[in-house]
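Reader: Hi! Could we go through this protein together?
Author: Happy to, here it comes.

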Amino acid sequence: MNPFSGILKGRGHLGFDGPGPMNVTWTISVAELQDIMTAAGRRPNSVSGRLQANGVLAVQTRQGRETLQGWAQVSVEEAELMNTPVIGGLLRTVQQSVAAVAPPIPGLLDYASFKCRVLPDHVLVEQMEMQCQIMAARGSGRVGYDGRIDLLLNAGPIEKLESYLGRLGELLASLSDRLVSYRVTGTLSDPQFEIKPLGLGRR
């Protein structure tokens with residue numbers, strides 16, 4: 001029985017000679033984020049969206065996690081992400097730090113994408129882009145397997161009409177004079193936000 005809707009494909013290789021290398025290639029197509037969180041034993045928390053992802057993992061089985069490496073690309077479309085601690089907290093911080101931010105737009109869905117490298121002790125987020133209601137953001141950083149995070153995000157408010165126009169990359173480029181840098185530390189469940197001085201920490 002499938003624990004979630006969508007398509008999961010994978011293939012792997014396990015070597016029985018030498019150090020025992022294992023390689024796994026995987027793809028998730030059009031899966032519901034709520035179903036995945038429920039199957040993983042986590043409460044959906046009013047978070048939803050259609051997820052697509054693919055990646056590769058490799059490890060030397062006899063040497064353990066210190067040899068873990070790989071990459072992943074993940075996107076979530078037609079989503080509601082405001083109730084996640086990191087995205088919701090960043091949105092509130094942007095609203096507090098920027099004057100005259102428009103209220104959330106009913107019916108407007110969120111979007112997020114991530115390009116990551118998998119390392120032995122953390123996931124390195126090389127590129128992150130998101131649009132959540134009246135905020136757009138881009139950044140990078142690291143997420144530890146213990147849930148600790150260290151992210152640097154450039155975020156800024158967007159106008160109602162801008163939310164419906166063009167690709168996210170083009171939207172972020174048009175917001176260059178409205179972006180502020182934020183450092184996000186703490187944990188995924190309890191993130192802490194710090195506004196960086198203008199012009200520092202930008203990527």
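Reader: Which residues have the most contacts inside the largest nonpolar core?
Author: They are Leu81, Leu90, Met130, Met135, Leu151 and Ala155, in a core of 31 residues. A nonpolar core here is a set of buried Ala, Val, Leu, Ile, Met, Phe, Trp, Tyr and Cys residues joined through side-chain atoms within 4.5 Å. Buried means under 20% relative accessible area, exposed over 50%, and partly exposed in between, with a 1.4 Å probe and protein chains only.

Reader: Thanks! Anything I should know about the model itself?
Author: This is a predicted model, where local features need pLDDT of at least 70, side-chain atom pairs count only at pLDDT 80 or more, and totals for chains, interfaces and linings use all residues. Residues are numbered from 1 along each chain as its sequence is written, and side-chain values use heavy atoms, leaving out hydrogens and water.

Reader: Okay, how many helices and strands are there?
Author: The protein chain has 3 helices and 10 strands. These are DSSP runs numbered from the N terminus, with at least four residues for helices (H or I) and at least two for strands (E). Along the sequence, the order is β-β-α-β-β-α-β-β-β-β-α-β-β.

Reader: Back to that core. What does leucine 81 touch?
Author: Leaving out residues up to four places away in sequence, leucine 81 touches Leu33, Val47, Ser48, Val76, Ile87, Gly88, Asp110, Tyr111 and Ala112. A contact means heavy atoms within 4.5 Å.

Reader: Which residues of H2 are buried?
Author: Val86, Ile87, Gly88, Gly89, Leu90, Leu91, Thr93 and Val94 are. H2 covers residues 85–97, and its buried residues pack against strands E6 (122–132), E7 (135–144), E8 (149–157), E9 (180–186) and E10 (191–195).

Reader: Why is E7 largely enclosed by the rest of the structure?
Author: Because 8 of its 10 residues are buried.

Reader: How many bridges join E6 to E7?
Author: There are 9, and the two strands run antiparallel. Strands count as paired if DSSP finds at least two bridges between them. One example is methionine 130, whose bridge partner in E7 is alanine 137. E6 and E7 form a hairpin with 2 residues between them, and glutamine 133 in the turn has a positive phi of about 55°.

Reader: And what about E7 with E8?
Author: They also pair in the antiparallel sense, over 9 bridges. Valine 143 has isoleucine 149 in E8 as its bridge partner. Their hairpin has 4 residues between the strands, and glycine 147 there takes a positive phi near 95°.

Notes
Expected span 1.5 Å × (residues − 1).
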